[in-house]
Amino acid sequence: MASLDDLLHAAVQGVGGVERPGQVEMAHAVADAIEKDEHLLVQAGTGTGKSLAYLIPAVMHAQKTGKPAVIATATLALQAQIVDRDMPRLAEAITPILGRRPTYGLVKGRRNYLCAHKLEGGFPDDEEGLFGVGEVDKAASRLGQEVVRLREWADTTESGDRDELVPGVSERAWRQVSVSAHECMGSKCPALADCFVERSREAAKECDVIVTNHSFMAIDSFEGRQMLPEHDVLVVDEGHELVDRVTSTITDEITGPMVTAAAKRAGRMADSAETVDDAADFLAGVLDELPEGKLGGIPDSLAMALARVRDTSRQVMTELKPEKGVEADGARKVAQAAIEEVFENSSRILEQRDLDVVWLNRDPRRGSILRVAPMSVAMLLRDKVFGDRTVVMTSATLELGGTFDAVAGTMGLRGEGAPDWRGLDVGSPFDYPQQAIAYVAQHLPAPGRDGISEATLDEIEALIRASGGRALGLFSSMRAARDATEAMRERFDGEIGFLCQGEDQITTLVRQFARDPKTCLFGTLTLWQGVDVPGSACQLVIIDRIPFPRPDDPLSSARSQAIARMGGNGFMAVSATHAALRLAQGAGRLIRRSDDRGVVAFLDSRMITARYAGFLQKSLPPFWPTTDRDRVLAALKRLDETAAEPLAVHEPALRGVTGAVAGTTMGRTGEDTAEHPRPAEPAADPRPVAQDPPPADTSRTAVTQGFAWTPESDEELRDGVELGLDLAELAESLELPEDVIAARLKGLGLETGAAAMKFD
């Protein structure tokens, strides 16, 4: 069998890279961990080439054992990098040495794919009428146009993968052509032979490497659905995100409108559906009376409301069961899924499990939302993820404060009964002190609770003027990001463009930012960890404040209190650790290649004055530190004056049944290639690139009966009226009470009701 070093060397040459000592060390450590069946936590800085360092041992293991290796990532961007770029080049390069071509596939959750049965009308409900509207009058509305485009795309796509569709569509439109796992009819589906999901998963069984995401991997592990083929090696890239992604996956919620919608779906098939509707009203009234935030226990009124929802939904579940020997049709499956979710979520909250935290949120559009999530997933990860396979956990940020202990503890790898594991830091090939400056604006006042200050806005303006644009702004809240965006648009008056998260899909915004050096991109959490813009387009990263979790964050506060009760330091274990991880990720956006140069500007003086500052600093790349504002502005001006043209931007691509790019070896196979030919080149993004920044008032809201309406939500409301939806249907679609919808309709001068067109 070919040696690891030979394969790695060939793969590095194949991708046009340079072999790094850290990459070689990591590859051998991964292979050793697989051989010894020992878990590995490996920190590999940006530029190490860590994907090749784990992909080569993964391929070797698959060839040796006949079992695939699973790669789980947190972001779509990394999934695309592995499937679109790394694996095709790696496979081409090592095939002569290996003796056969490595195979690979991409597997996602069911909601990410078109449903062939739903496209054929197999799930008749009120929303299906949208297809008819789109076909009769394509100009009727944005939603109608999106649905028509989805149907046209369905006739040509091989993968059915939503990410292939460019430009994208709204969530409302996508719901018309997709189903959840609970709604799926499974092996009983009449369109099973044409199912994009089943074809994807069947193809994955023959692959050496299967790429998926953290959430899908977690569901497969926790629920035992066996959606992934049997495997004994799991690589978790972007491992610092695993705990949050898993927590999010097993967080449940319940709202009054959610219960109402479930009752409506069951209404034609269950006599007791009306009792669920009554329970929904009772629950909504109780939730509206409760204070926002974490609940110390379940108040009697809430317990009574949840019990009524649980009991009435249980009765409807019984009535929805089809007669013996009769298969449930699509509409019944959708109703069953909605009622079961209501039953399960209300039951879970009433159980008051030891580790569960329950809290209430007020959402401007959805109203009162009751949520429940586990305070810790450490034991769950220990048992279900690390229990019966070798796990390699990797990221550029696994060491916090100079040790792996904090991250390992959250994953169940510390304490009595913890499995054996090894921690390894292979460093980074970059010369951080020579490539980047870490600037702390010490003269600024510590951030307060009243939003972004004028002094901070002045500092942002000065930094951006010096850099000529080229700035990624990472903010601790969307409010701060929007305020800064509007302020900069006003101050620069078109001289430099400003994009803000939420104004389009993240991938679209990042591509626009990467193309134009005179463009800045501002945003929050997603941008802290999901942006990879090497080259001159990003030479300044601005971080407005230390990203501590909010004091009223229910999970963080519960974790801190639990640690304090055991005699630990809750602030350092939870808040400071959270902040250190985010800071390391945010600062890591700057230097992506060995020739990148730039400045990370921290606009929070606590980075050098607070007692925990040393812990935060140890978690950052070793940039050259300074508080000298004039020196930083001069450095940015020099960088701008000597900057090369931005690098070419990687565009979205069509995919084959395995999820690989169409036109590559894994993108099409056999008869499928002849029947459904695809262009070998990636499809260009048909959307025009905005030359001018969006209007400054795109995020302004109007308030109606306590609910905030954005221009986007008003547009959805107008679309619904044009489509003939009545008041109840609009309320269900927008997940808002009918009286709020009615008030907003009146304010906009719109009418709906009995005269509106309906679809049964």
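Is R110 buried or partly exposed? With a relative accessibility of 13%, R110 counts as buried, because the limit for that class is under 20%. That value, like the others here, comes from a predicted model, and this report walks through some of its side-chain contacts.

**Overview**

Let us start with the whole protein. The secondary structure comes to 31 helices and 20 strands. Of the 760 residues, 54% are buried. Among contacts between residues at least 6 apart in sequence, 76% join residues at least 24 apart. The structure also holds 33 salt bridges, and a search of the whole of it finds nine aromatic pairs.

**Salt bridges**

Back to R110, whose partner in a salt bridge is E198, with 3.4 Å between the closest N and O atoms. R110 lies in the loop between β3 and α5 (116-119), while E198 belongs to helix α9, so this salt bridge ties together parts that are 88 residues apart in sequence. Unlike buried R110, E198 is partly exposed at 30% relative accessibility.

D208 and R100 form another salt bridge, at 2.9 Å from N to O. Here D208 sits in the loop between α9 (196-204) and β4 (209-213), and R100 in the loop between α4 (76-98) and β3 (104-106), so the pair joins parts that are 108 residues apart in sequence. D208 is buried, with a relative accessible area of 7%, whereas R100 is partly exposed at 30%.

A third example is the salt bridge between R491 and D458, at 2.7 Å from N to O. It links distant parts of the chain, with R491 in helix α20 (residues 478-492), D458 in helix α19 (residues 454-467) and their positions 33 residues apart. Both are partly exposed: R491 has a relative accessible area of 26% and D458 one of 40%. This bridge does not stand alone, since salt bridges that share partners join E454, D458, E461, R465, R491 and E495 into one network.

Here are the three pairs side by side.

| Salt bridge | N to O distance | Separation in sequence |
|---|---|---|
| R110 and E198 | 3.4 Å | 88 residues |
| D208 and R100 | 2.9 Å | 108 residues |
| R491 and D458 | 2.7 Å | 33 residues |

**Aromatic rings and I464**

R465, one of the residues in that network, has a second role to look at. R465 lies over the face of F492, at 4.2 Å from the ring centre. F492 in turn forms one aromatic cluster with F475, F498 and F522.

Which residues does I464 touch, leaving aside neighbours within four places in sequence? They are G469, A471, F492, I496, F498, C520, F522, L540 and I542, and F492, F498 and F522 are also members of the aromatic cluster. I464 lies in helix α19 and is buried, with a relative accessible area of 0%. Along the chain I464 and K637 are 173 residues apart, yet 9.7 Å separates their C-alpha atoms.

Elsewhere, F548 and F571 also pair through their rings. Their centres are 5.5 Å apart and their planes meet at 50°, so the pair counts as tilted. F548 lies in the loop between β16 (540-543) and α23 (554-565) and F571 in helix α24 (residues 570-587), so the pair ties together parts that are 23 residues apart in sequence. Each of these phenylalanines is partly exposed, F548 with a relative accessible area of 21% and F571 with 27%.

**T390 and helix α11**

For a polar example, turn to T390, which is placed in strand β10 (residues 390-395). T390 is buried, with a relative accessible area of 3%. Its side chain makes a polar contact of 2.6 Å with the side chain of D37. Beyond neighbours within four places in sequence, T390 is in contact with A33, I34, D37, E38, H39, D232, V233 and L234.

Finally, what are the buried residues of helix α11 (residues 242-249)? They are L242, V243, V246 and T247. These residues cover an arc of only 130° around the axis, which means that they lie on the same side of α11.

Terms used:
Residues numbered from 1 in each chain as written. Predicted model: local features only at pLDDT ≥ 70, side-chain atom pairs only at ≥ 80, totals over all residues. Heavy atoms only, no water. Phe/Tyr/Trp six-rings, centres within 6.5 Å; stacked < 30°, edge-to-face > 60°. Helix = DSSP H or I, 4+ residues; strand = E, 2+ residues; numbered from the N terminus. Buried < 20%, exposed > 50% of the residue type's maximum accessible area, 1.4 Å probe, protein only. Lys NZ or Arg CZ within 6 Å of the ring centre and 35° of its normal. Polar contact = N/O pair within 3.5 Å; in protein donor to acceptor, adjacent residues only side chain to side chain. Contact = heavy atoms within 4.5 Å. Salt bridge = Lys/Arg side-chain N within 4 Å of Asp/Glu carboxyl O. Arc of directions from axis to C-beta.
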